[in-house]
Amino acid sequence: NDVTMKYDEDFFDENTLMLVYVEASSGSCRFGVDSISHTDGNFYVHIKQTNNPEIHTDDMAGWFITVAVPDGMIADCSSFDADLNNAFN
């Protein structure tokens, strides 16, 4: 809730908030947006692992990554995809 509280009605007048869910084999892993792109009606969010902890907890975790996008960037997009660049595992 803390993350989404800053997005008010004024924000949504000209923007869209994308949520990408990332599942990890350890709660020690952290993730963030590497890049976003759009081509030929497709919108892509590229996620990367942002840390490489020496010790991993033995629990699964899920993370929501928020991506604020101007409506003009996705106006002609008909599909959405996200991928994970998981260089540490």
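Trainee: Let's start with S28. In which loop is S28 found?

Mentor: S28 is found in the loop between β1 and β2. Keep in mind as we go that this is a predicted model.

Trainee: How do I read its accessibility: is S28 buried or exposed?

Mentor: The idea is to compare the relative accessible area with a cut-off, and buried means under 20%. S28 has 15% relative accessibility, so it counts as buried.

Trainee: Which residues does S28 touch, leaving out those up to four places away in sequence?

Mentor: S28 touches N51, P53, I55, H56 and T57. With T57 there is also a polar approach: a polar atom of the S28 side chain lies 2.9 Å from the backbone nitrogen of T57.

Trainee: What does the side chain of S26 reach?

Mentor: The S26 side chain reaches the backbone nitrogen of S28, at 3.1 Å. S26 is also in the loop between β1 and β2. Its relative accessibility is 2%, so S26 counts as buried too. Leaving out residues up to four places away in sequence, S26 touches H56, T57, D59 and A61. H56 and T57 therefore appear in the contact lists of both serines, S26 and S28, by the contact limit of 4.5 Å.

Trainee: Let me step back to the whole chain. How many helices and strands are there in the protein chain?

Mentor: The protein chain has two helices and five strands. Following the sequence, the pattern is α-β-β-β-β-α-β. For overall dimensions, the C-alpha atoms fill a box of roughly 45 × 30 × 15 Å along the principal axes.

Trainee: What share of the 89 residues is buried?

Mentor: Buried residues make up 29% of the 89. The accessible surface of the chain comes to about 6,100 Å², and 49% of that belongs to carbon and sulfur atoms.

Trainee: How should I read the sequence separation of contacts?

Mentor: Take the contacts between residues at least 6 apart in sequence, then ask what share joins residues at least 24 apart; here that is 76%.

Trainee: Now the sheet. In what order do the three strands stand?

Mentor: The three strands form an open sheet in the order β2-β3-β5, with mixed pairing. β2 and β5 (79-85) are at the edges with a single partner strand each, so one side of each has no neighbour in the sheet. From one strand to the next, the twist averages 20°.

Trainee: In which sense do β2 and β3 pair?

Mentor: They pair in the antiparallel sense, over eight bridges. One of the residues to look at is F31, whose bridge partner in β3 is Q49. The two strands form a hairpin with two residues between them.

Trainee: What is the phi of D40, and how should I read it?

Mentor: Start with the general expectation. Most residues other than glycine have a negative phi. The phi of D40 is near 45°, a positive value in a residue other than glycine. D40 lies in the loop between β2 (31-39) and β3 (42-49). With 78% relative accessibility, D40 counts as exposed.

Trainee: And N42, where is that found?

Mentor: N42 is in strand β3. Its relative accessible area is 21%, so N42 is partly exposed. Apart from residues up to four places away in sequence, N42 touches S37, C77 and S79. For a sense of distance, N42 and D13 are 29 residues apart in sequence, and their C-alpha atoms are 22 Å apart in space.

Trainee: Finally, which residues have the most contacts inside the largest nonpolar core?

Mentor: Those are F31, I47 and I65, in a core of 13 residues. β1 (15-24), β3 and β4 (61-70) each supply at least two residues of this core. β1 gives the most, with four residues.

Trainee: Which residues does I47 touch, again without those up to four places away in sequence?

Mentor: I47 touches V20, V22, F31, G32, V33, D34, I65, D83, L84 and N85. That list includes F31 and I65, which are named with I47 as having the most contacts inside the core.

Terms used:
Residues numbered from 1 in each chain as written. Predicted model: local features only at pLDDT ≥ 70, side-chain atom pairs only at ≥ 80, totals over all residues. Heavy atoms only, no water. Buried < 20%, exposed > 50% of the residue type's maximum accessible area, 1.4 Å probe, protein only. Core = buried A, V, L, I, M, F, W, Y, C linked by side-chain atoms within 4.5 Å. Pairing = 2+ DSSP bridges. Polar contact = N/O pair within 3.5 Å; in protein donor to acceptor, adjacent residues only side chain to side chain. Axes fitted to C-alpha atoms, helices over the stretch in contact; angles between N-to-C directions. Areas by Shrake-Rupley, 256 points an atom, 1.4 Å probe, with all protein chains shown as cover.
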